[in-house]
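Welcome! Please take a moment to look over the sequence and the model below, and then read on for a short tour.

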Amino acid sequence: MKYICSVCGYVYDEDSEKIPFTELPDDWTCPMCKAPKSLFESEEETEAPEIREIEESDDMEQLSPGVLAALFSNLARGAQKQYKTRESELFSEIAGYFTAASPSLPEADPEMIKELTENDLTILYRNLNDIASSAADRGALRVKVWGEKVTKIVNAIGSRYIREGGDFLSSTEIWVCSICGFVYIGDTPPAICPVCKVPDWKFDRIEGGT
Amino acid sequence: MKRIAVRNLRLCTKDCLCLYVCPNGATDTEDSIIDKDKCIGCGVCADACPSKAISMVIQDYPPQQKKKESVVNAINRLAENKAKEEKAARQIASSTTDNNLRRLMNAVARSSRLVAEDLLREGGYMLPQSSNSLDLLASLIAAPPSDEFPMKAANEILSTIECNDRTGRGKYRCTVCFTEFEEEDDGEKPSCPMCHAEGKALEKL
Ligand code: SF4
Ligand code: SF4
Ligand SMILES: [Zn+2]
Ligand SMILES: [Zn+2]
């Protein structure tokens with residue numbers, strides 16, 4: 001049997017390994033992207049696409065300040081790519097305004113992030129997948145694939161923190177891919193991003209300051 | 001497609017061939033930024049530069065492909081969740097004394113922002129010069145969310161960036177009251193903003 005990493009596509013082939021997949025220790029992780037064992041799917045599982053009812057969502061009345069912050073920081077990046085430096089600064093200023101204006105959440109804790117990312121994975125990304133497939137929208141499917149993989153990793157690392165505390169982060173670094181948002185824990189970033197395939201210098205080391 | 005030359009100041013050695021080859025003197029400037037009003041986009045400077053310091057940048061981008069509304073809605077719902085994840089992570093990072101948790105939450109905040117940006121790009125906000133982006137700015141200026149909203153920045157963007165995809169907004173003169181006006185972008189039939197005359201009473205300019 002073959003087991004495939006749902007984040008980076010690494011294949012654990014029992015025929016060429018010594019240990020059957022199910023007997024690997026619980027803290028075993030993907031040698032490529034460090035996804036936990038639970039994010040591996042057996043070959044059979046991945047081959048059965050389930051048919052789901054498409055859930056069309058209502059129009060969103062208005063974008064929240066948090067979304068507007070991301071929208072404008074994205075336009076700042078877009079302007080930068082066109083060498084529109086002044087406009088990029090102005091977009092960043094507006095993004096900063098919305099970041100600050102985003103209302104506080106009551107009692108934010110790691111559990112909340114775990115729940116939100118679980119909601120993304122079990123409902124929202126599946127929904128986007130179905131809608132984008134039926135609309136044959138390749139761009140939307142691409143954004144779904146990248147975002148879903150990144151969300152799986154964030155959820156897995158957050159869950160690990162909740163389970164065992166932060167010691168596993170103590171003597172190593174945390175890296176974020178500046179293109180797709182993939183999070184990697186290790187002394188050096190991976191040679192290429194397992195999600196979007198950019199080289200290691202596109203990874204940013206995350207500092208402890210706020 | 002209209003292009004202009006842009007110099008990467010980090011790569012440029014500031015002393016050579018592009019100054020010599022430009023037919024219009026656009027490259028020889030005191031601040032080393034190529035004069036975009038003089039540049040005719042011939043590309044000779046980019047070919048001549050030994051340091052690969054000049055890129056030819058496209059000026060008029062084609063419109064971003066229209067998305068189905070259902071796709072945009074599904075994308076926006078995810079973006080809302082990502083924004084919440086970012087906010088939660090920021091709050092945890094700023095209130096914790098555990099340095100490991102703070103680093104982890106800084107990473108989650110950064111990651112969620114990047115994923116949200118990617119979603120919004122795909123959902124119709126790829127280009128700063130699209131009508132999507134500019135109309136959103138205009139609506140924020142018309143109804144600012146609070147007094148702190150950076151009006152000056154928003155206005156400056158609107159006055160400097162030219163829209164790339166506004167589908168020929170027609171100009172009309174009303175033959176009843178002689179008002180001249182521009183068609184709204186709302187898909188409605190044009191009507192005179194003063195006397196509400198429509199159809200044959202309007203003369204296309
Ligand atoms: S593209 Fe042509 S006109 Fe523009 S700066 Fe280069 S050489 Fe001069
Ligand atoms: S040719 Fe290239 S390196 Fe030389 S001055 Fe021009 S841009 Fe700079
Ligand atoms: Zn993997
Ligand atoms: Zn990446």
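For counting charges, Lys and Arg are taken as positive and Asp and Glu as negative, while His and the chain ends are left out. On that basis, chain A carries 21 positive and 38 negative side chains. The centres of these two sets lie 7 Å apart. Please keep in mind throughout that this is a predicted model.

**Chain A as a whole**

Let us stay with chain A a little longer. How many helices and strands does chain A have? There are five helices and six strands. Following the sequence, the order is β-β-β-α-α-α-α-α-β-β-β, so that the five helices sit between two groups of strands in the pattern, by the usual run definition of these elements.

The C-alpha atoms of chain A occupy a box of roughly 60 × 45 × 40 Å along the principal axes. Of the 210 residues in chain A, 48% are buried. The chain exposes about 10,900 Å², and carbon and sulfur atoms supply 49% of that area. Among contacts in chain A with a separation of 6 or more, 50% join residues 24 or more positions apart.

**Two residues in helices**

One residue to look for is A:Met112, which belongs to helix α4 (residues 110–134) of chain A. Is A:Met112 buried or exposed? Its relative accessible area is 19%, and because the cut-off for buried is under 20%, A:Met112 counts as buried. Leaving out residues up to four places away in sequence, A:Met112 touches A:Leu105, A:Glu107 and B:Ala88. Try finding A:Gly158 as well: A:Met112 and A:Gly158 are 46 residues apart in sequence, and their C-alpha atoms are 9.8 Å apart in space.

Now turn to chain B, where B:Gln91 is part of helix α3 (residues 69–95). B:Gln91 is buried because its relative accessibility is 19%. Which residues does B:Gln91 contact, apart from neighbours within four places in sequence? They are A:Ser104, A:Leu105 and A:Ala108. A:Leu105 is thus a contact of B:Gln91 and is also touched by A:Met112.

**Two loop residues with positive phi**

Chain B also offers a pair of residues, neither of them glycine, with positive phi: B:Phe178 and B:His196. The table sets them side by side.

| Residue | Phi | Loop in chain B | Relative accessible area |
|---|---|---|---|
| B:Phe178 | near 65° | between β3 (171–174) and β4 (180–182) | 60%, exposed |
| B:His196 | about 65° | between β4 and β5 (202–204) | 59%, exposed |

B:Phe178 counts as exposed because its 60% is over the 50% cut-off. The 59% of B:His196 is over that cut-off too, so B:His196 is likewise exposed.

**Around the ligands**

Finally, have a look at the two ligands. Ligand 1 has 13 residues around it, and the closest are B:Cys22, B:Cys39, B:Cys42, B:Gly43 and B:Cys45. By class, this shell holds 10 nonpolar residues, three polar ones and no charged ones.

What surrounds ligand 2? Its neighbours include B:Cys12, B:Cys16, B:Cys18 and B:Cys49, along with others such as B:Arg7, B:Lys14 and B:Asp15. The shell of ligand 2 divides into seven nonpolar, two polar and three charged residues. Charged residues are therefore present around ligand 2, with Asp, Lys and Arg counting as charged, whereas the shell of ligand 1 has none.

How values were computed: Residues are numbered from 1 along each chain as its sequence is written. Chains are lettered from A and ligands numbered from 1 in the order in which they are written. This is a predicted model: local features need pLDDT of at least 70, side-chain atom pairs count only at pLDDT 80 or more; totals for chains, interfaces and linings use all residues. Side-chain values use heavy atoms; hydrogens and water are left out. A residue is near a molecule or strand if one of its heavy atoms lies within 4 Å of it. Helices (H or I, at least four residues) and strands (E, at least two) are DSSP runs, numbered from the N terminus. Buried means under 20% relative accessible area, exposed over 50%, partly exposed in between (1.4 Å probe, protein chains only). Contact means heavy atoms within 4.5 Å. Accessible areas come from the Shrake-Rupley method with a 1.4 Å probe; for residues, only the protein chains shown count as cover. The place of a charge is taken as NZ of Lys, CZ of Arg, CG of Asp or CD of Glu.
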